[in-house]
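Biologist: I am new to this structure. Please pick a single part and take me through it closely, with enough of the whole to place it.

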Amino acid sequence: MRALIAVLPGDGVGPEVTAQAVRVLRELGERRGHEFRFREGLIGGVAIDQQGDPLPAETRALVSEADAVLLGAVGGPRWSDPSALVRPEQGLLALRGLLGVFANLRPVHVHPALAESAPLKTELLANVDILFVRELTGGLYFGAKTHERDSAGRSVSASDLCVYTALEVERVVRVAATIARGRRRHVLSVDKSNVLATSRLWREVTSRVMRDEFPDVTLEHALVDSFAMQLLQAPARYDVVVTENLFGDILTDEAAVLAGSIGVLPSASIGEQPLTGHRRGLYEPIHGSAPDISGRGIANPAGTILSAALLLRHSFGLEHEAAAIECAVSDAISAGWRTADCVAAGAASCSTAQFGDAVLARITET
Ligand code: NAD
């Protein structure tokens, strides 16, 4: 296969972790006969500094031409003035809009060797393997907003409008159910249908799509408040969890705690599956730019390397190659390779590049 991958390292540790993911993709491409080409573009704070725009025209052109996008992270204290008109996160939102991605996938898999780094009892973490599918472009975050002030400038009232259309629910539920078919064939849909009209629509549409199009996949519903507790009490029970934007934002951060370190978790944001060609997607670790450790070569690149595996799976359909990367990361951790975020206090840790070396050494020919 031939493909162009846009690499947007961004800010803070972004360039350090994306460099390792690109090494792994290059090695895998060479070993398995794929021609992956890589072109870098600016995004976030570094793009504001150099071009005054968090998603400059060159980057827009690059991602429009590319078959998939690998991103590091954006933001940092340098650009965090809340009154600034141009902010790094605007680049990320614009990028998602440009790519037309609407489903955010966050797999949460707890490596047994890292379970001790998590705050939950290790026995609760055995066999945890959840895929969250979060709706990414609708709901409260994108509805009309108001903020009313009195004559003295004090806040009086504010509102955020939450709107969902049946179409928005249908397409994200189809993504979740299609992926569930390749897993344990169980979808949990999370809503707040006892209170919210949008959640009642969510539940009705989800039930219809699953009944009519995915009768082979079991559907269960849960209310978000009760699921937030269940996720910590019995995380191994869940397979695919689909939910709306706001609930997904909160629940996926809660679930990240299960994995032991924020540095090991990947994410994918994908759009419609085209009839021919590659599915567009944006692949990035779930962590931010980690300004407290950037420039020291100690960031954990596992989340970004695993995001590269998701890129191969969801944009290029290269399931075996994706699994090869996932196995290599898992084997490297099992063999004791740990960056500082994953070691017990006082124990020795490896650098970002050494972890990358350990993964590369475990990429096999077949
Ligand atoms: P963060 O994820 O950057 O860091 C939180 C903590 O986790 C820090 O202690 C950091 O050192 C650690 N950490 C993060 N990634 C790590 C890695 N790969 N290896 C080891 N340790 C790691 O979150 P934050 O501190 O709240 O945000 C920092 C900046 O990143 C902010 O400007 C924020 O807006 C931005 N941010 C960007 C994204 C994104 O680009 N998608 C996401 C979240 C936050």
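Modeller: Here is the whole in brief, then one helix, then two residues elsewhere.

This is a predicted model, where local features need pLDDT of at least 70, side-chain atom pairs count only at pLDDT 80 or more, and totals for chains, interfaces and linings use all residues. Residues are numbered from 1 along each chain as its sequence is written, and side-chain values use heavy atoms, with hydrogens and water left out.

The protein has 12 helices and 12 strands. These are DSSP runs numbered from the N terminus: helices are H or I with at least four residues, strands E with at least two. The radius of gyration, taken over C-alpha atoms, is 21 Å, close to the 21 Å of the globule rule for 366 residues, so the protein is as compact as a globular protein of that length. That rule is 2.2 Å times the number of residues to the power 0.38. The C-alpha atoms fill a box of roughly 55 × 50 × 50 Å along the principal axes. Of the 366 residues, 50% count as buried. Buried means under 20% relative accessible area, exposed over 50%, and partly exposed in between, with a 1.4 Å probe and protein chains only.

Now the close look: helix α8. It covers residues 224-233, and its buried residues are V224, F227 and L231. Seen down the axis of α8, they fall within an arc of 50°, so they line one face of the helix. The arc is that of the directions from the helix axis to the C-beta atoms. An α-helix has 3.6 residues a turn, so residues three or four places apart point the same way.

What covers this face? Among the elements over the buried residues of α8 are the strands β5 (129-135), β8 (186-191), β9 (218-223) and β10 (240-243). Helix α9 (245-256) is included too. Contact means heavy atoms within 4.5 Å.

The loop between α9 and β11 (266-270) holds V257. V257 has 38% relative accessibility and counts as partly exposed. Leaving aside neighbours within four places in sequence, V257 is in contact with A118 and P119. Its C-alpha atom is 9.9 Å from that of V110, 147 residues apart along the chain.

Turn to H109, in strand β4 (residues 103-109). H109 is partly exposed, at 49% relative accessible area. Beyond four places in sequence, H109 is in contact with V128, D129 and A259.
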